[in-house]
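Work through the exercises below with the sequence and the structure open. Try each task before you read its solution.

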Protein chains: 2
Amino acid sequence: MNPPLHDPDAARTALQGVVEADLDNDQVADRHARGVWSGICEPGDGDAGLLVAAVGAAGALRLVAADDAPAVAAAAAIDRDRAREALERWRPRLASGPSAAGFDTARRVGVRLIVPGDATWPTRVDDLGPHGPLCLWVRGRLPEHPVPTVAIVGARAATSYGEHVAMELSAELAATGVRIVSGAAYGIDGAAHRAALNAGGLTDALLAGGVDRPYPAGHEDLLGRITRTGAVISEVPCGAAPTKWRFLSRNRIIAAISDATVVVEAGWRSGSLNTAAHAASLGRPLGAVPGPVTSPASAGCHRMLRDFDARCITRSADVRELLGLDDDLLPGADGWVDEATALRDALSTRSWRTVDDVARRCGQSIAHVERGLGLLLLDGRAQHGPAGWRLIVTRR
Amino acid sequence: MNPPLHDPDAARTALQGVVEADLDNDQVADRHARGVWSGICEPGDGDAGLLVAAVGAAGALRLVAADDAPAVAAAAAIDRDRAREALERWRPRLASGPSAAGFDTARRVGVRLIVPGDATWPTRVDDLGPHGPLCLWVRGRLPEHPVPTVAIVGARAATSYGEHVAMELSAELAATGVRIVSGAAYGIDGAAHRAALNAGGLTDALLAGGVDRPYPAGHEDLLGRITRTGAVISEVPCGAAPTKWRFLSRNRIIAAISDATVVVEAGWRSGSLNTAAHAASLGRPLGAVPGPVTSPASAGCHRMLRDFDARCITRSADVRELLGLDDDLLPGADGWVDEATALRDALSTRSWRTVDDVARRCGQSIAHVERGLGLLLLDGRAQHGPAGWRLIVTRR
């Protein structure tokens with residue numbers, strides 16, 4: 001039994017350095033319980049999702065500790081046999097108590113735990129319903145405002161053609177403020193991350209195992225670079241191994257966290273098609289890059305074009321269309337239009353600019369610019385970072 | 001004025017050797033008039049189509065000769081200005097009388113004139129309505145029964161990848177009894193024709209100029225080979241030049257004469273997209289072969305996948321699906337099923353077999369086999385040629 005289950009102080013201690021906000025006791029209990037849940041159920045466990053949605057993470061954990069199958073069945077609205085099976089999945093891990101180690105490692109390597117309701121929680125993953133993540137472990141930082149996000153994924157066994165196209169797409173999109181999500185694998189994923197970083201853009205990597213374990217090992221440096229401006233994310237705690245099941249589950253997060261998914265190269269049975277299928281089932285737009293029909297590395301993409309109704313992607317503009325992005329920033333309908341237009345013109349989607357710099361560029365007072373930037377921020381049209389302000393490309 | 005307009009005997013003489021059937025006087029007049037019409041209006045002239053549909057080809061020609069705009073307007077249900085303009089288009093050519101030469105050349109080089117109602121008239125082109133051909137000039141021979149037919153077309157400036165794919169598709173489809181239609185151009189068209197011939201299949205070429213003028217000149221041998229088993233076809237008479245307009249108009253016949261159109265490689269503004277657009281407007285299924293997004297020769301195909309809802313074609317089975325072809329021959333519902341099955345098993349879709357050979361293979365009497373083959377022929381499931389009988393792959 002994990003001691004913090006009955007001990008608010010121990011829970012608060014476990015969370016020290018792992019969460020950012022000041023929390024009341026209920027928040028501590030919920031957050032800590034979600035962290036524990038991420039270690040006792042496998043990703044996408046719908047029974048856990050139903051139970052937590054019904055009685056909260058801490059309450060759900062108490063029912064597991066009490067081995068109370070009837071109460072679990074009643075709360076999750078599942079039958080008793082299924083509740084019993086679920087308890088049999090969860091209790092061994094609760095008893096062995098790996099979660100304390102997970103929190104300790106997270107604190108040590110600078111991993112944050114985020115939960116629904118947090119400013120940086122990617123609300124798009126909630127579309128997964130009871131199969132969504134109960135929490136996310138994050139190295140680096142997710143944005144506080146919605147940013148156009150695309151998953152660029154594909155085969156590990158990519159060709160130079162595939163890597164070339166992945167880099168082109170990723171660099172061009174990242175340079176215009178689109179966030180690039182991928183799975184940090186060799187091949188297409190790595191090319192997409194690297195090109196986004198090299199273009200000065202933002203990219204996030206979803207891992208199947210704990211974010212303290214760089215996987216694949218050869219991408220340790222790449223993952224480190226990603227955390228400096230973007231995020232390396234997992235729904236399993238530090239120390240958890242990247243199992244086959246977790247790879248498949250991880251794919252649903254890649255699909256859910258992104259506005260659209262683009263597969264650059266994929267064999268006939270590639271795991272990327274699994275990501276694409278998740279995106280399709282969530283109603284997210286799907287794109288596939290064609291290639292030579294003689295190339296097995298493109299067979300999965302052609303299958304998507306034929307059978308999944310994927311959009312044919314040949315250049316970054318096709319992806320922007322998929323994302324519903326409008327390259328012309330439309331002026332608003334209020335009296336602030338002209339000042340705002342001048343302000344936006346003074347901002348860049350690529351480089352961060354200080355308030356002073358922006359004021360100089362648009363010929364407005366610092367006070368005016370600060371007010372204007374605040375409005376753009378509220379509007380989700382500008383982004384604030386350590387190096388200043390940046391324009392976000394808006395959606396139609 | 002063409003003398004045969006008022007002279008049935010001259011018309012009969014003009015048609016000698018150019019049509020196959022024994023004809024009565026009305027048939028002679030109609031057929032001859034259609035041949036004359038093919039020389040005085042440009043392909044796809046809807047006013048000519050409406051007028052001929054209303055009063056017949058010979059009657060329509062009389063109205064033109066009489067320069068009777070009110071009668072033309074009334075018959076074609078168009079306004080008088082339009083009728084006047086149409087007459088101004090047609091009368092100069094009727095007066096200069098090039099059609100006699102067209103008939104003479106046709107007779108000399110073995111070109112046949114076919115019209116709607118003929119056994120070998122490809123009824124699918126009638127879907128073009130008033131813009132359909134009034135007659136077709138044919139070197140070689142069209143089939144008497146509907147045969148699954150696919151247009152395989154593409155850029156003249158093809159890559160070796162495109163030519164390779166065109167050859168693969170064409171050879172595999174032709175070998176299983178699908179007729180391959182194309183435009184005899186260099187690049188994709190030529191590759192499709194050649195591969196069909198080399199596979200022992202049938203292929204037809206649609207020309208923009210007269211079929212007595214091999215175009216392009218470098219394909220004279222290829223066109224000659226095509227006429228030995230298939231057909232070289234045009235809607236303009238012998239001697240007519242392949243103008244730009246006629247190329248575009250020719251594309252609508254390629255689309256209409258085929259059950260489906262597949263574009264293998266095409267630049268962003270390739271003429272093949274014109275063929276594809278015609279196919280789409282006729283409701284014919286459309287396929288496009290993807291290629292590297294870095295290859296301009298595939299840009300038009302990718303455009304078709306994105307904007308024309310074309311099917312992604314990666315192998316011949318995809319085309320068979322597009323054609324609605326069922327590779328398993330379904331047994332019929334009558335008592336003749338077993339004999340017919342044995343008979344079909346004894347036939348080949350690739351090679352012609354004599355009645356004796358078929359009888360030996362299926363263990364039935366010659367009389368039985370002849371009766372069975374007759375039924376299959378009526379059914380459109382077998383084909384009869386100089387070298388014997390062959391199975392036609394049936395549609396679902």
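A charge patch joins like charges within 9 Å, from residues with over 30% relative accessible area and no salt bridge. A salt bridge is a side-chain nitrogen of Lys or Arg within 4 Å of a carboxyl oxygen of Asp or Glu. Asp and Glu count as negative, and the charge is placed at CG of Asp or CD of Glu. Areas follow the Shrake-Rupley method with a 1.4 Å probe.

This is a predicted model, in which local features need pLDDT of at least 70 and side-chain atom pairs pLDDT 80 or more. Residues are numbered from 1 along each chain, and chains are lettered from A.

**Exercise 1.** Find which residues gather with A:Glu85 in a patch of negative charge, and place A:Glu85.

Step 1. A:Asp79, A:Asp81 and A:Glu88 join A:Glu85 in this surface patch.
Step 2. A:Glu85 lies in helix H5 of chain A, residues 80–96. Helices are DSSP runs of H or I, at least four residues; strands are E runs of at least two.
Step 3. The relative accessible area of A:Glu85 is 47%, so A:Glu85 is partly exposed (between 20% and 50%).

**Exercise 2.** Trace the open sheet of chain A and name its edges.

Step 1. Strands pair if DSSP finds at least two bridges between them.
Step 2. The nine strands run S1-S2-S6-S5-S4-S3-S7-S8-S9, with mixed pairing.
Step 3. S1 (112–114) and S9 (311–312) of chain A have a single partner strand each, so one side of each lacks a neighbour in the sheet.
Step 4. S7 (260–263) and S8 (286–288) of chain A run parallel, joined by three bridges. A:Val263 has A:Ala288 as its bridge partner.

**Exercise 3.** In chain B, find how S8 pairs with S9.

Step 1. S8 (286–288) and S9 of chain B are parallel, over two bridges.
Step 2. B:Ala288 stands opposite B:Cys312.

Key:
Heavy atoms only, no water. Patch = residues over 30% accessible without salt bridge, like charges linked within 9 Å, V, L, I, M, F, W, Y side chains within 5 Å. Buried < 20%, exposed > 50% of the residue type's maximum accessible area, 1.4 Å probe, protein only.
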